[in-house]
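This briefing covers an internal cavity and two helix packings. Please read it alongside the sequence and the structure shown here.

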Amino acid sequence: MPKLTVRELYAAPPTEPLHDVTVSGWVRSIRDSKNFAFIALSDGTRQQPLQVVAEPDKVANYKEAARQNVGAALTCAGTIIPTPDRKQPFEMQAASIVVEGASTMDYPLQKKGHSLEFLRGIAHLRPRSNTFGAVFRVRSLAAQRVHKFFHDRGFVYVHTPIITTADAEGAGEMFRVTVLDPDNPPRGADGKADLARDFFGKAAGLTVSGQLNVEAFCLALRDCYTFGPTFRAERSYTPRHAAEFWMIEPEIAFADLAADMDLAEAFVKDLVGAILEEAMPDLRFLNQMFDKGLVERLENAASSSFARVTYTEAIGILQKSGQAFEYPVSWGADLQTEHEKYLAETYFKRPVFVHDYPKGIKAFYMRVNDDGRTVAAADLLAPGIGELVGGSQREERMDALTARMLELGMPLEPYRWYLDLREYGSVPHAGFGLGFDRLIMFLTGMSNIRDVLPFPRTTGSAEF
Ligand code: 4AD
Ligand code: MG
C-alpha cells in the first residue's frame with residue numbers, strides 16, 4: 001500500500017480512483033451521521049486536510065473510529081476518489097482506520113478560529129493549526145533557500161561561535177554565560193566576583209552577531225556567510241524584537257557599500273521570488289486570513305528595484321512630510337519605527353535602503369566616510385517591518401578603527417585578534433545582517449515576531 005502525504009496527493013491529483021493508499025495524520029474535524037463519518041485529516045504537509053469518508057459496513061472498527069475526538073492521530077487506508085465538482089479535488093473512501101493515538105474532548109485546538117494570542121499560549125500545539133502550519137512551512141523553505149542562494153554564488157558557510165568573549169556590536173546587550181554561583185561567587189581582592197575562576201577564565205556571553213568572526217574568514221576565503229541563532233538582552237517590548245533570533249550575515253571581500261547593497265537586494269528578491277514560486281497555497285491562505293496585501297506586496301518587492309537614499313535625504317523627506325511624528329526628526333537622531341514605516345510604506349512604497357548614517361548612532365566597526373561625520377552603513381527598511389537588514393562597509397584602516405574604539409571608550413584587549421585583521425593584509429570589505437525572523441514576518445504577513453518563531457524567547461518569556 002503506498003503511504004502518501006497530503007502534499008504528495010496534491011502534487012499529482014489523481015484523475016481516476018487510486019486504490020490502496022495510506023495516509024496518516026491528525027483529526028481536524030469529525031462529523032458522524034448514521035450512515036457516514038466525514039473526517040478532515042491533516043498531516044501538516046499541506047494547507048488542506050484530506051477528507052476521509054467512512055461507512056459502517058466498509059470499516060470494521062467504524063464505531064471506534066467515528067467516536068474519535070479532534071486531535072486524535074489516525075492512519076487511514078482506502079481509495080482516493082477524484083471529486084472534481086466538490087470543494088476538495090479528491091477524497092478518501094476508507095477501507096480501514098487505525099487509531100494511533102486518541103485525543104480528548106478538551107483538546108485546545110477546536111475547529112473554530114482561535115486568536116493568535118491564544119495560540120501563543122499553546123506553542124506546542126499551534127503548529128497543528130492552519131496558520132502556523134503555513135508560517136513554519138514558509139520558514140523552512142526560506143531557510144533552505146538562504147543556503148542555496150549563497151552556495152550558488154560560491155560563498156563559504158562559516159559556523160561562527162555562539163559563546164563569545166567579545167561584544168560584536170559594542171552595545172552591551174550580551175547575555176552572560178557563567179558557571180559561578182550567583183549567590184556566592186569566588187571573590188577577588190576588590191570584593192567583586194572573580195571571573196578568572198569562571199569557566200572561560202573571563203567574562204563570556206552569548207553572541208549578538210557572528211560578524212567579527214565572519215570577517216576573519218572573509219579575509220581568507222573571500223565571500224563567506226554565517227546563519228545562526230543570535231541573542232540580545234535588550235528589554236524591547238516591540239512586536240519586532242526577540243531575545244533569541246536568527247540572523248544571516250554575509251561578508252564580501254574587496255567590496256564597498258554599493259556592492260553590499262546590491263547583494264542584499266539580490267538576496268531579498270531571491271528569497272521572495274522563491275517563496276512566491278514554492279509556497280503559493282500557504283501564501284494565499286495567509287493573504288486571505290491576515291494580510292490582504294501580502295501577495296501583491298511580495299510580487300512588488302520581487303520585481304521593483306529597491307529605493308536608495310542617504311540618511312541626510314531621508315531626514316529631509318521626513319521633515320517635509322507634514323506628518324505628526326511622536327519622535328522628533330533631526331539630523332543625528334536615530335530613525336524610529338514610525339519614521340521607517342513612513343519611508344517604506346508611504347513615501348517609497350517599496351523596500352528602501354537608507355545609507356550613510358551619522359557615525360554617532362552606528363557601531364564601532366563601520367567605515368568612517370571622508371566627511372568625518374557619517375559612516376558607510378546601510379539599513380534596508382521594508383514595508384510592514386521597518387529595519388530588515390543592517391549592513392556596512394567595515395573600517396579596514398587600523399588607525400581609524402582604533403581611534404574610533406578609543407573614542408567610544410571600548411577596551412581594545414578583547415578585540416586584539418580583530419585588530420590583527422587590519423595589521424595583516426587588510427582590504428576593503430563589507431557585509432550585512434538580515435534578521436531572518438523579520439524576513440519571515442515580511443513573507444507571511446504576520447505582524448508579531450512571536451508568531452514566526454517556533455518557540456519565541458522575548459523579554460519576560462521563555463516558555464516551552
Ligand atoms: O542591525 P544589526 O544589529 O546588525 C548587526 O548585528 C551586524 N553585525 C550585521 C552585519 O553587518 N553583519 O542587526 C541586523 C539585523 C537587523 O536589521 C534586524 O533585522 C535583526 O538583525 N535584528 C533583530 N531581529 C529580531 N530581534 C532582535 N532583537 C533583533 N535585533 C536585530
Ligand atoms: Mg541595525
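About 40 Å³ of space lies in the largest cavity of this predicted model. A search of the whole structure finds 1 cavity of 30 Å³ or more. Two helix contacts, H6 with H8 and H4 with H13, are described after the cavity.

**Cavity**

- The residues that line the largest cavity are Arg232, Glu234, Ser236, His241, Ala242, Ala243 and Thr459.
- This lining divides by class into 2 nonpolar, 3 polar and 2 charged residues.

**Helices H6 and H8**

- Helix H6 spans residues 257-278 and helix H8 residues 294-303; their axes lie 9 Å apart and pack at an angle of about 135°.
- H6 is therefore oblique to H8.
- H6 and H8 cross in a left-handed sense.
- On the H6 side the contact involves Lys269, Val272, Gly273 and Leu276, which meet Val295, Leu298, Glu299, Ala301 and Ala302 of H8.
- Of the residues in the contact of H6 with H8, 6 are nonpolar, 1 is polar and 2 are charged.

**Helices H4 and H13**

- Helix H4 (residues 130-152) and helix H13 (residues 436-444) cross at roughly 125°, and their axes come within 10 Å.
- This angle makes H4 oblique to H13.
- The crossing of H4 and H13 is right-handed.
- H4 contributes Val135, Val138, Arg139, Ala142, Ala143 and Val146 to the contact, and H13 contributes Phe436, Asp437, Ile440, Leu443 and Thr444.
- The contact of H4 with H13 comprises 8 nonpolar, 1 polar and 2 charged residues.

Technical notes
Residues are numbered from 1 along each chain as its sequence is written. Chains are lettered from A and ligands numbered from 1 in the order in which they are written. This is a predicted model: local features need pLDDT of at least 70, side-chain atom pairs count only at pLDDT 80 or more; totals for chains, interfaces and linings use all residues. Side-chain values use heavy atoms; hydrogens and water are left out. Axes are lines fitted to C-alpha atoms, for helices over the stretch in contact, and angles run from 0 to 180 degrees between N-to-C directions. Helices (H or I, at least four residues) and strands (E, at least two) are DSSP runs, numbered from the N terminus. Angles under 35 degrees count as roughly parallel, over 145 as roughly antiparallel, 65 to 115 as roughly perpendicular and the rest as oblique. A crossing is left-handed if the near helix is turned anticlockwise from the far one by less than a right angle, and right-handed if clockwise. Contact means heavy atoms within 4.5 Å. Ala, Val, Leu, Ile, Met, Phe, Trp, Tyr, Cys and Pro count as nonpolar, Asp, Glu, Lys and Arg as charged, and the others, Gly among them, as polar. On a 1 Å grid over the protein atoms alone, a cavity is a set of points where a 1.4 Å probe fits but cannot get out, and a pocket is an open set with protein on both sides within 12 Å along at least five of seven lines; lining residues have an atom within 4 Å of a point. Grid points are joined across faces, edges and corners, and a volume is the space filled by probe spheres set on the points.
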